Amino acid sequence: MPGEKQAAVKYYVGVDVGSASVRAALVDGFGTVVAHAERPIQVWEPRADHYEQSSADIWAACCSVTKEVVSGVDASQIRGLGFDATCSLVVVDKQLQPLAVNREGQSHRNVIMWMDHRAASQVERINATQHRVLNYVGGAMSVEMQPPKLLWFSENLPKSWEKVGYFFDLPDFLSWKATGVTARSLCTVVCKWTYTSDRGWDDSFWKMIGLEDLVKDKYEKIGNHVLSPGEAVGKGLTPEAAKDLGLPEGIAVAASLIDAHAGGLGVIGADVKGHNLPCENQPITSRVAMICGTSSCHMGVSETPIFVPGVWGPYFSAMVPGLWLNEGGQSATGKLIDHVVRGHVAFPELEAKAAASAHSIYTYLNSHLDLIKKSLPVGFLTVDLHVWPDFHGNRSPLTDLTLKGMVVGLTLSRGLDELALIYLATIQALALGTRHILEAMQAAGHAITTLFLCGGLSKNPLFVQMHADITGKPVVLSKEVESVLVGAAILGACASGDFASIQEAMAKMGKIGKVVQPNHEHKRFYDKKYEVFLKLVEHQREYRSIMNSL
């Protein structure tokens, strides 16, 4: 913790709400994380594809971690607060109390998580309208966006629909709890709700899908006051929120960001001079920020709008002010790796051996792969083992919720070697999926030379190297592993007025730690793996067509 000699240093608090935990960081004006805390949050899965959380549980965790990171710091040095969160849907009633999003009437479960797929039939109907707003989400809306969830809510819980006071995207719920102001972030409403920065809400869309109620009250329930990310919200922290968070009353609170966008903000603008990267002396538009945790998001920016089939956007000023954003993604990455590894019959053996060696299961698996590779490069071990990674549907670039995962090349072997190989093949499949997304973006007009990775999976060297080798592009890792938290703190720094712009804060607070170069000698092998990868989805569609003809 900083001592008396650093009394003049200014600090900013970033709070990040992920899928399974809430984290906070105290960050200085140079982007250094001075203190960090984390608390788990609860997830309910009442039935298949239904995922719910509690806004009260989430806010309590936010307060706990924030109090921890600011403990012992002179309050006058803390200048601003920024939030980011998953793009989950929060529902409160007219008395501003949690409203159940489930048929069981459990009001504390008032959050439909981003990864909830209950609205599959609703999104199918929305996409069948071919309304013009769909042009800004890659041509087809995702079930993970808010309109299909709102439609599900109105159709399945009509009595609760009448009681709704507000629907919030989770990042906006947090800024509301902190300030009492119901303003929404341009990031959330543009990326997940169909708002556009030039036209605002499109009445015809909501009427066409049967949610004209939202139009009648002039969008009061979903937001009619929109702020740019990093803009100060209201008069700052309310007395009640200040007490809950352990921060001074009135401290600047920023309009928030979705968590992936905060990660993009934390890495994409970093100064790369002296690292011999192809994006040096090139505009920021030559970079893609990849935020990889439970899921992955691929964030690319452009000076003019680029429409990429199967990739969300273009969204104006949704992440970096003045630039258009395209957002690709994979619905399950870290979640998929965990699913594959923990579901294998050899997992108990792995768990025991990893514990005995005092390593994480993934560090142990990486070491085990090095042991069994012999003279081969590690990646070549999967010459006969191939995975299609869409166990939770395809977000980009195929936008097909119904796609399933596939594994080709299984044997009767059940040992640790086989677990290590399927783990490797799964990571490679995710990297091949990233290549698929990048190729779609480049075909549409993006000129991408460099990947910037952050999030939990960026700590796994195998995951990073496979992404470099399979995409053929250098991967930049930030100096601060917690880039998402740095991005949230950048918002708070902008709201405080200490930086003139988001771009200035990005350049000063985003720092490069390590560069991982692709091994171009392995290009031919991964080109062949990519051919197989694309064949897998062809075969899946063929066999489904055969079975659908019954």
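I would like to start with helix 5, where the buried residues are Leu170, Pro171, Asp172, Phe173, Leu174, Ser175, Trp176, Ala178 and Thr179. Please keep in mind throughout that what we have on the screen is a predicted model. Put as a count, 9 of the 10 residues of helix 5, which spans 170–179, are buried, and the helix is therefore mostly covered under a cut-off of 20% relative accessible area. Directly after helix 5 comes Gly180, a residue with a positive phi, near 80 degrees.

Let me move on to the sheet. There is an open sheet of 7 strands, in which the pairing is mixed and the strand order reads 15-16-14-13-19-20-21. At its edges lie strand 15, residues 312–316, and strand 21, residues 512–516, each of which pairs on one side only. From one strand to the next, the twist averages 25 degrees.

Going through some of the pairings in turn, strand 15 runs antiparallel to strand 16 and is joined to it by 3 bridges, with Tyr315 standing opposite Leu325 of strand 16. Strand 16 is also antiparallel to strand 14, and here 7 bridges join the two; in this pairing, Gly300 stands opposite Asn326 of strand 16. Strand 14, residues 296–302, is in turn joined by 5 bridges to strand 13, residues 287–292, again in an antiparallel arrangement, and Ile291 has Cys297 in strand 14 as its bridge partner.

How many of the residues of strand 16 are buried? The count is 7 of 7 for this strand, which covers residues 324–330. In a regular strand, side chains alternate between the two faces of the sheet. In strand 16, Trp324, Asn326, Gly328 and Gln330 point one way, while Leu325, Glu327 and Gly329 point the other way, and the residues of both sets are buried.

As for annotation, an unreviewed UniProt entry assigns residues 289–495 to a domain called "Carbohydrate kinase FGGY C-terminal". Over that range the chain is 41% helix and 18% strand, and the C-alpha atoms at the two ends are 23 Å apart.

Finally, I would turn to the surface, where Tyr543, Ile546, Met547 and Leu550 make a nonpolar patch of about 490 Å². Of these, Ile546 has its place in helix 18, residues 523–548. Is Ile546 buried or exposed? It is exposed, because its relative accessible area is 56% and the cut-off for that class is over 50%.

Note on methods
Residues are numbered from 1 along each chain as its sequence is written. This is a predicted model: local features need pLDDT of at least 70, side-chain atom pairs count only at pLDDT 80 or more; totals for chains, interfaces and linings use all residues. Side-chain values use heavy atoms; hydrogens and water are left out. Buried means under 20% relative accessible area, exposed over 50%, partly exposed in between (1.4 Å probe, protein chains only). Helices (H or I, at least four residues) and strands (E, at least two) are DSSP runs, numbered from the N terminus. UniProt positions are given in the numbering used here, feature names are shortened, and annotations may be inferred rather than shown by experiment. Patches are made of residues with over 30% relative accessible area and no salt bridge: like charges are joined within 9 Å, nonpolar side chains (Val, Leu, Ile, Met, Phe, Trp, Tyr) within 5 Å. Accessible areas come from the Shrake-Rupley method with a 1.4 Å probe; for residues, only the protein chains shown count as cover. A salt bridge is a side-chain nitrogen of Lys or Arg within 4 Å of a carboxyl oxygen of Asp or Glu. Two strands pair if DSSP finds at least two bridges between them. Axes are lines fitted to C-alpha atoms, for helices over the stretch in contact, and angles run from 0 to 180 degrees between N-to-C directions.
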